Amino acid sequence: MRAFKIPLLTFIALLLLGVVLQFSVNAYIQILILQILMFGIASMSLNLVNGFTGQFSLGHAGFMAVGAYTSAYLSQVFPGFLEHTHLLGFFLFSLAAGCMAAVFGYLVGLPSLRLKGDYLAIVTLGFGEILRVILLNIEPLGAARGISGIVPYPELGFLDRFWVSFAYVSFWFLICFFSLWRITRGRFGRQFLSVREDEVAALSLGLSTTKIKVRSFVIAAFFAGISGSIYAHLISIITPTIFGFMMSVNIVVMVVLGGMGSFTGSIVAAAFMTIMPELLRSLQSVTGVDLRMVIFSLSLILIMIFRPTGLFGELEFSDVIKKWKRKNA
Amino acid sequence: MQDVLQHLINGLSLGSIYALIALGYTMVYGVLQLINFAHADIYMMGAFSSFYLSRWLNLEAHPGMGSLVLALVASMATCAVLGVTIERLAYRPLRNAPKLNILITAIGVSLFLEFTAQVVFGADPKVFPTLINDVALIETPFVILKSLDVTVFVVTLLALGVLHYLVYHTRFGKSMRAISHSLTTANLLGINSNKVIVITFIVGSALAGVGSVLVGLKYPKIDPLMGIMIGLKAFIAAVLGGIGNMTGAVIGALLMGLSEEFVVAYLSSTLRDALAFGLLIGILIWKPSGLLGQNSIEKV
């Protein structure tokens, strides 16, 4: 039980925070917060592949799409199930979405992870594009219209919708964070690091690097699927174009900005990347044109040139605080 | 079956355009081992520069060789300048950084060009002026050979001829090939690698400029995102032929153009984009080094 102490305490703290947020901020900010948590899950999972295993994937949005479509389709086919089971139904659907995405991750990863660097980036990008084209042609999944009117998270008694969504999303958020944290700090996860640091050395130690890479890919795809399923129920409309190349790049930027190999960095970056475009909206009224994406891409280049390790580098938030304390002591 | 010849012509003409762009990818990859994601957007900028030049000089009123050459020169110059600027400002500071960082920078540059173009030129598509009258040169019941297709072939062949001369018969070409063999050794032998890399970017980008005008003539609709798809396909063509290998890039591009034309003609047009990526994944699984590439074994 000791292993669950910190996650449980954090969960309770987040639930209380949810109550505070419900009464203190307006709906617009509430939605932003939910999106930050959702993108946090996506960017943390991508960090496992990009940051910890050193494999560059550009198709993470594809796995989100798989998850989102699975969850949305299930909730359309079994609407009654959700009404009777409340959050348990959503949980099962998310789980199914994650497993579906993990299966895709396995199928994509097995052939493509033999490739390295640039090639892998292009293949994963290709996977995302192929998936988009396929989704555009499947009529039961709405083709280009996508799926709309997806069931949102319910109200439970006196608990309002925001609080329930917040509790549900932070539940998955914590599962994602703590399992990834534990994985990367154990023997199982050290193998990922060994592949990143030196693949040849890892091979000569008798590790099957392809197997390790596929594992990391499958775990990441699972959580991407979860995050996609959350997206579907939060935004309640999904189309194939949403989960395109831009979404993948967006998540990659979160990982890079936060620091490859730092989960807390990914979370901070996810928050930054979600809030920043909203703040820059006011800039638009001054300049008259939408400069947000220009600033976004320019800052990506500048980060790479001037701070290639991202905000935190490989340090976690707790390490940064420790370092800062030591400096000031 | 009588359309086959016509599709062959169309496919070859599409393929030669891919070839011009694929060469830029393959040359830069040869010297820097970098996928220059921005290449596709350099190409887009070339199309826009020749579009604005022809509007400014009202070239559409006098279609012919002169107008075509003017547009080509404008586009090539813009692309070359842009290519050098990008190399100097974005890639050179990262010459010794991990490859992942350079790749992300390349994506950043690509996005920057796309979004800047959307702000400056507007996101709506523009109609590229007709610089060459499209008349049928040979007309038989089976096949029509149009002047546009002939122009595309001739210009491509000229560009390839110049490139061949540059790479295999000049000092620059020799140093470029040396660098793609081994950058460190080339440096040790007194080759100014930075200079050669800059010239590589100039040549590669200028080829993309040629390609952009030809695409503008053949498919006269240009918009800021026009580079993405054609760039990816050209890149896949380069991988198909064996990246870093210039003959391979041309062969890969022609194969790509032909297969795309035939898939659209005989199967389904929605499969057009999926085909390219399917081809890529197939190639990478069965022969990652490409048709003409050489297998390299990693040594410790």
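Student: In which helix of chain A is the place of A:Asn328?

Tutor: In this predicted model, A:Asn328 belongs to helix 15 of chain A, which covers residues 317-328.

Student: Is A:Asn328 buried or exposed, and how do I read that from its neighbours?

Tutor: The general idea is to count the C-beta atoms around a residue, where 12 or fewer within 10 Å means exposed and 20 or more means buried. A:Asn328 has 6 C-beta neighbours inside 10 Å and therefore counts as exposed. For a sense of distance, its C-alpha atom is separated by 47 Å from that of A:Phe90, a residue 238 places away along the chain.

Student: How many C-beta atoms surround B:Leu32, and where is B:Leu32 placed?

Tutor: B:Leu32 is in helix 1 of chain B, and because 21 other C-beta atoms lie within 10 Å of its own, B:Leu32 is buried. Its C-alpha atom and that of B:Pro125, 93 residues apart along the chain, are separated by 34 Å.

Student: How many residues of each chain are in contact where chain A touches chain B?

Tutor: An interface can be read first by its residue counts, then by the elements that supply them, and then by residue class. Here 28 residues of chain A are in contact with 31 residues of chain B. On the side of chain A, the elements that give two or more residues are helix 6 (117-137), helix 11 (245-258) and helix 14 (292-306), and helix 6 of chain A gives the most, with 11 residues. Divided by class, this side of chain A has 22 nonpolar, 4 polar and 2 charged residues.

Student: Which residues of helix 14 of chain A are buried, and what do the buried residues pack against?

Tutor: An α-helix has 3.6 residues a turn, so residues three or four places apart point the same way. In helix 14 of chain A, the buried residues are A:Val294, A:Phe296, A:Ser297, A:Leu300, A:Ile301, A:Ile303 and A:Met304. They pack against helix 11 of chain A, together with helix 3 (65-91) and helix 4 (99-121) of chain B.

Student: How far apart are the end C-alpha atoms of helix 14 of chain A, and what span should its residues give?

Tutor: The expected span is 1.5 Å times one less than the number of residues. The 15 residues of helix 14 of chain A should therefore span 21 Å, and its end C-alpha atoms are 21 Å apart, which agrees. Helix 4 of chain B can be read in the same manner, since its 23 residues should span 33 Å and its end C-alpha atoms are 33 Å apart, again in agreement. Just after helix 4 of chain B, B:Gly122 takes a positive phi of about 90°.

Student: Which residues other than glycine have a positive phi?

Tutor: Most residues other than glycine have a negative phi. Among the cases to inspect here is A:Ser236, whose phi is near 65° and which lies in the loop between helix 10 (209-235) and strand 2 (237-238) of chain A. Because A:Ser236 has 14 C-beta neighbours inside 10 Å, A:Ser236 counts as partly exposed. Another case is B:Gln33, with a positive phi of about 50°, found in the loop between helix 1 and helix 2 (39-56) of chain B. With 15 C-beta neighbours inside 10 Å, B:Gln33 likewise counts as partly exposed.

Student: At what angle do helix 1 and helix 9 of chain B cross?

Tutor: Two packed helices are described by the angle between their axes and the distance between the axes. The axes of helix 1 (residues 4-32) and helix 9 (residues 226-241) of chain B come within 8 Å and cross at roughly 70°, so these two helices are roughly perpendicular to each other. Their crossing is right-handed. The residues that meet include B:Tyr18, B:Ile21 and B:Tyr25 in helix 1 of chain B, and B:Ile230, B:Lys233 and B:Phe235 in helix 9 of chain B. By class, this contact has 9 nonpolar, 2 polar and 1 charged residues.

Student: How does helix 5 of chain A cross helix 10 of chain A?

Tutor: The axes of helix 5 (residues 87-112) and helix 10 of chain A come within 7 Å and cross at roughly 140°, which makes helix 5 of chain A oblique to helix 10 of chain A. The crossing of helix 5 of chain A with helix 10 of chain A is right-handed, and their contact has 20 nonpolar, 8 polar and 1 charged residues.

Definitions and conventions:
Residues numbered from 1 in each chain as written. Chains lettered and ligands numbered in written order. Predicted model: local features only at pLDDT ≥ 70, side-chain atom pairs only at ≥ 80, totals over all residues. Contact = placed C-beta atoms within 7 Å. Helix = DSSP H or I, 4+ residues; strand = E, 2+ residues; numbered from the N terminus. Nonpolar A, V, L, I, M, F, W, Y, C, P; charged D, E, K, R; others polar. Axes fitted to C-alpha atoms, helices over the stretch in contact; angles between N-to-C directions. Parallel < 35°, antiparallel > 145°, perpendicular 65-115°, else oblique. Left-handed = near helix turned anticlockwise from the far one by under 90°.
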